[in-house]
Amino acid sequence: MQVIGTAGHVDHGKSTLITRLTGINPDRLKQERDREMSIELGFAWLQLPNGEEIGIVDVPGHRDFIENMLAGIGGIDAALFVVAASEGVMPQTIEHLAILDLLQIPAGVVALTKIDLVPDLEWFDLVKTELRETLADTVLAEAPIIPVSARTNEGIDDLIQAIQDTLTKRPHRPDIGRPRLPIDRTFTLPGFGTIVTGTLSNGQLSVGDPITILPQGINGRIRGLQTHKQSEEIAQPGSRTAVNISGVSVDQINRGNVLVHPDTYHPTKMLDVHCKLLPDAGSPLKHNTEVKFFLGSAEIMGRVRLLGVEELVPGESAFIQVMLQEPVAALRGDRFIIRRPSPPATIGGGQIVDPNPSRRHKRFNQQRIGELEQLLGGTPDEILLQAAQSAFTISVANLIEVSGFEHQTAKESIHQLLGQGKLIALKGNQLLIAADIFSALESRIVADLAAYHEKHPLYIGMPREQLKSQTNLEINVFDAVIKYMIEKDIIQSAGPILKLTRHRISYTPNQQAKIDSLLGKFDEQPYTPPSVKMSEERVGEDVLNSLIQTGQLVKLREDVLFKPEVYHEMKEAVIEHIRSHGSITLAELRDHFNTSRKYAVALLEHLDAIGITVRSDDKRKLRKSS
Ligand code: GDP
């Protein structure tokens, strides 16, 4: 289902024309709304000759109502632009046209109304020529101009046909699986409760769906859906939709809020945009100026941070970082309008380039401006890569969200970027990282490990925790990067220790001689070997630690070391003894190896701790599971 919206100077005949086209008087609907009687407020609908039903949003043309018009006009498929032949182009004709142009309303039909009042053909030709000139270089440059009279009915059939022709040429609304309903009206109906209306975009809504109202983050559920007074189970993107919500009271919702599925949009107060200042904006737009920002049905005060220019001259465009007072839920490519608060006037508009910039940009940051240019004009691949780069790491779902592309397009691009090695998938495809960011990260980790090895040449490697806190990465990113680097054999892990694969411990001849002598002592008295303290005195603390780290000695407690083969021999002996005798005591172990109480206690407590034995009174038995 498609939606058209009216625009044009006040009193040029918009409401009368809609009544003529649809049999529905939008003014009457407005009165009904005030009396809370009707669900489809201010909206009429029309069946085209081809059977399609379309929605019509009638937006008032009075100057005070331009902001009303902005709330309704977003998301329409085509404009029905009304100009009275009796009066021709008027100030609001120009302002509305500028708005349609800034919003890049994709198509339109011009109704040249009140032709019954035109005195002669000459006047008519004059008005039409002037109108064509006004429309030139705007979105309506190619729009058909249909002369009509709502009074005599002349031209009405031609107008309906022109609307149908224009709409059939329009591609259907993309369904990116992330429905968004910018709310333009809220009200209650007895027996129903809270109802909100808007033009649905980006996906379907179904009865029963959980929903969130943004930016407040209020949760509720869809109780019912209506399009054009018909109850529906599913509302399609592009249709005028009324949603009956349970769990949310009407005074919690305002016009300008957005209804979405939970966790699908992330509202932000900062937006990077590309903005054109209208040629007749009056004066240049200065840095930090306060403006009224219109996006979807929302109207929010904000300040403009001009990027790359000292000021924005009328007729020119620039990148701007908009700092809003309230958060909005935006997508890349969304169109916006800015107005001067007083005296009120539309001064410009454009499109969202980055809906979630990670930081406040320096004004003349050329790198960022380059990135924004890429986001503005790039191919899907370039845009996705850029979005991934500025996010550092990002999930596939989030990248698709930020890009604003249709699911399929985005997925194909991501696939291609992965294939080209420009994106790297971590955590079994859950997390994406741009290759250049990844390689910077990788070099940093390699450098950190190399520095550690250099400082502690006798250690097998660096405690994982220490590296993690040094890199200051989020735990899941750190883990994913390390896993990837281990798979690539750039680094190796031994328990809680990480090392560069290429790192080898090498002892000086002097150290090696001391090690040999110490290990000789261990061989002389395998079951009552030298203590930790004594070992340290012989080889030094660093060398002893490296012997432990590299597994040349096994440390059971603070003061007990064994050679690994001795440790294994004793462990097997304990297990064997329990198997044949049912249990082992401290004394039995001590006597078996002719060792002392200290070593026997250390071994048994260690075996308890690693879950091989379990103590009951003075006996050890095997733990059931071992
Ligand atoms: P809107 O403000 O653009 O919605 O304009 P309206 O639909 O309220 O029309 C303004 C006035 O123009 C009303 O008095 C209408 O009766 C009159 N009007 C509208 N269309 C025509 C038309 O085709 N011919 C004539 N003669 N009058 C018209």
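**Group meeting: a walk through the predicted model**

Let me begin with Ser 506, which has a relative accessible area of 56% and is therefore exposed, the cut-off for that word being over 50%. I should say at once that what we have here is a predicted model. Ser 506 is found in the loop that runs between strand E30, residues 497–500, and helix H14, and, if we leave aside residues up to four places away in sequence, it touches Pro 457 and Leu 458. To give some sense of distance, Ser 506 and Asp 157 are separated by 349 residues in sequence, and their C-alpha atoms lie 93 Å apart in space.

From H14 we can move to helix H16, which covers residues 541–549 and in which Val 543, Leu 544, Ser 546 and Leu 547 are buried. These four lie on the same side of H16, because the arc they cover around the axis is only 160°. That fits the general rule that an α-helix has 3.6 residues a turn, so residues three or four places apart point the same way. What do the buried residues of H16 pack against? Their partners are helix H14, at 509–524, helix H15, at 532–539, and strand E32, at 560–562. Just after H16 comes Gly 551, whose phi is positive, at about 80°.

That brings me to backbone geometry elsewhere in the chain, where the background is that most residues other than glycine have a negative phi, and most peptide bonds are trans. Asn 472 has a positive phi, near 60°, and its place is in the loop between helix H12, residues 464–471, and helix H13, residues 475–487. Is Asn 472 buried or exposed? Its relative accessibility is 68%, so Asn 472 counts as exposed. Asn 594 also has a positive phi, near 50°, and sits in the loop between helix H18, at 586–593, and helix H19, at 597–609; with a relative accessibility of 66%, Asn 594 counts as exposed.

Turning to the peptide bonds, a cis bond joins Leu 214 and Pro 215, with omega about 5°, and Pro 215 belongs to the loop between strand E11, residues 210–214, and strand E12, residues 218–227. Another cis peptide bond joins Ser 342 and Pro 343, where omega is about -10°, and Pro 343 is placed in the loop between strand E23, at 335–340, and strand E24, at 345–354.

For a contrast with the exposed residues, consider Thr 197 in strand E9, which spans residues 193–199. Thr 197 has a relative accessible area of 2% and is therefore buried, the cut-off being under 20%. Its side chain makes a polar contact, at 3.5 Å, with the side chain of Arg 240.

Finally, the ligand, which is surrounded by 14 residues, the closest being Asp 11, Lys 14, Thr 16, Asp 116 and Ala 150. By class, this shell divides into 3 nonpolar, 6 polar and 5 charged residues. Which parts of the protein lie 2.8 Å from a ligand oxygen? One is a backbone N or O atom of Asp 11, and another is a polar backbone atom of Lys 14; for Gly 13, a backbone N or O atom lies 3.0 Å from an oxygen atom of the ligand. Taken alone, the ligand exposes 580 Å², and the protein buries 77% of that.

Key
Residues are numbered from 1 along each chain as its sequence is written. This is a predicted model: local features need pLDDT of at least 70, side-chain atom pairs count only at pLDDT 80 or more; totals for chains, interfaces and linings use all residues. Side-chain values use heavy atoms; hydrogens and water are left out. A residue is near a molecule or strand if one of its heavy atoms lies within 4 Å of it. A polar contact is a pair of N or O atoms within 3.5 Å; within protein, one must be able to donate a hydrogen and the other to accept it, and residues adjacent in sequence count only if both atoms are side-chain atoms. Accessible areas come from the Shrake-Rupley method with a 1.4 Å probe; for residues, only the protein chains shown count as cover. Ala, Val, Leu, Ile, Met, Phe, Trp, Tyr, Cys and Pro count as nonpolar, Asp, Glu, Lys and Arg as charged, and the others, Gly among them, as polar. Buried means under 20% relative accessible area, exposed over 50%, partly exposed in between (1.4 Å probe, protein chains only). Helices (H or I, at least four residues) and strands (E, at least two) are DSSP runs, numbered from the N terminus. The arc is that of the directions from the helix axis to the C-beta atoms. Contact means heavy atoms within 4.5 Å.
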